[in-house]
Amino acid sequence: MKKRCIIFVISVWILTGCIQTVHPSDKVRELSFIVLEEREIPLELKAQIEKEKTKPFMLTYADKGKLYIARGYGMQDKTGYSVEVTSLYETTTAVVIETHFAGPEKNEKTEDTATYPFVVVELEEVGKEVIFQ
């Protein structure tokens, strides 16, 4: 059985106030990525998301030359929320991902049921730490 390289990073920097920031001038290049459908998420990462989904989370997972980045915003009490990747780029020392969490539109019809909005992206592994902004 092949040993797979699995890296999980659960960031609690938001809770401790230790968020690392980078400046747009540090950008080396934009990174190509795809947003995954839930059925496309690797099983190991999907299991970790399931454990963490009730609270905001930031996860990374690397396997077979691919890097998966997941950002969730915890339990919401109704439908209509979404997560969008607004920027994903590389600096000399890190991969930086910026996301936007949006609530339902003012006149959007919603249902009062728990939801767990998150996004997972896949890109080529570049061997650098991931910074969530």
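1. Over how many bridges do β3 and β4 pair, and in which sense, parallel or antiparallel? In this predicted model, the two strands pair in the antiparallel sense, and the pairing runs over 8 bridges. One of the residue pairs in this ladder joins P56 to Y73, the latter being the bridge partner in β4. The hairpin that β3 and β4 make has 2 residues between the strands.

2. The turn of that hairpin deserves a careful look at the backbone. K64 lies in the loop between β3 and β4, and although K64 is not a glycine, its phi is positive, at about 50°. The side of the question that concerns solvent is clear as well, since K64 has a relative accessible area of 70% and is therefore classed as exposed, the cut-off for that class being over 50%.

3. The hairpin belongs to a wider arrangement, an open sheet of 4 strands in the order β2-β7-β4-β3, with antiparallel pairing. The edges of this sheet are β2, which covers residues 34–35, and β3, and each of these strands pairs on one side only. As a general matter, strands of a sheet pair through backbone hydrogen bonds, in either a parallel or an antiparallel sense.

4. Within the sheet, β4 also pairs with β7, again in the antiparallel sense, and here the pairing extends over 7 bridges. Two positions let a reader follow the register by eye: L67 stands opposite L123 in β7, and A70 stands opposite V120 in β7. As for its surroundings, β4 is mostly covered, with 7 of its 8 residues buried.

5. Helix α2, made of residues 43–52, lies across β3, β4 and β7, and the angle at which the helix runs to β3 is about 165°.

6. The largest nonpolar core has 16 residues, and the members that touch the most other members are I69, L88, I97, V121, L123 and V130. At least two residues of this core come from each of β3 (56–63), β4 (66–73), β5 (82–91), β6 (94–102), β7 (118–124) and β8 (129–132). Apart from this core lies another, of 10 residues, and I41, Y61, Y68 and A70 are among them.

7. I69 is a convenient residue from which to inspect the packing. Leaving aside residues up to four places away in sequence, I69 touches L59, T60, L88, V95, I97, V119, V120, V121, L123, V130 and F132.

8. T91, placed in strand β5, has a relative accessibility of 2% and therefore counts as buried, given that the class takes values under 20%. With residues up to four places away in sequence again left out, the contacts of T91 are D26, K27, V28, V96 and K128.

9. The structure holds 6 salt bridges. One of the charged pairs is formed by E90 and R29, whose side chains meet at 2.7 Å from N to O. This pair links distant parts of the chain, with E90 in strand β5 and R29 in strand β1 (residues 27–30), 61 residues apart. The two partners fall into separate exposure classes: E90 counts as buried because its relative accessibility is 8%, whereas R29, with a relative accessible area of 42%, is partly exposed. R29 and E90 are further linked with K128 in a network of salt bridges.

10. A salt bridge also connects K66 and E124, whose side chains meet at 2.5 Å from N to O. Since K66 lies in strand β4 and E124 in strand β7, the pair ties together parts that are 58 residues apart in sequence. Both residues are classed as partly exposed, K66 at 25% relative accessibility and E124 at 47%.

11. The salt bridge of E40 with R39 should be read alongside its distance, the closest N and O atoms being 3.8 Å apart, where the criterion is within 4 Å. E40 is partly exposed, with a relative accessible area of 38%, while R39, at 68% relative accessibility, counts as exposed.

Definitions and conventions
Residues are numbered from 1 along each chain as its sequence is written. This is a predicted model: local features need pLDDT of at least 70, side-chain atom pairs count only at pLDDT 80 or more; totals for chains, interfaces and linings use all residues. Side-chain values use heavy atoms; hydrogens and water are left out. A nonpolar core is a set of buried Ala, Val, Leu, Ile, Met, Phe, Trp, Tyr and Cys residues joined through side-chain atoms within 4.5 Å. Buried means under 20% relative accessible area, exposed over 50%, partly exposed in between (1.4 Å probe, protein chains only). Contact means heavy atoms within 4.5 Å. Two strands pair if DSSP finds at least two bridges between them. Axes are lines fitted to C-alpha atoms, for helices over the stretch in contact, and angles run from 0 to 180 degrees between N-to-C directions.
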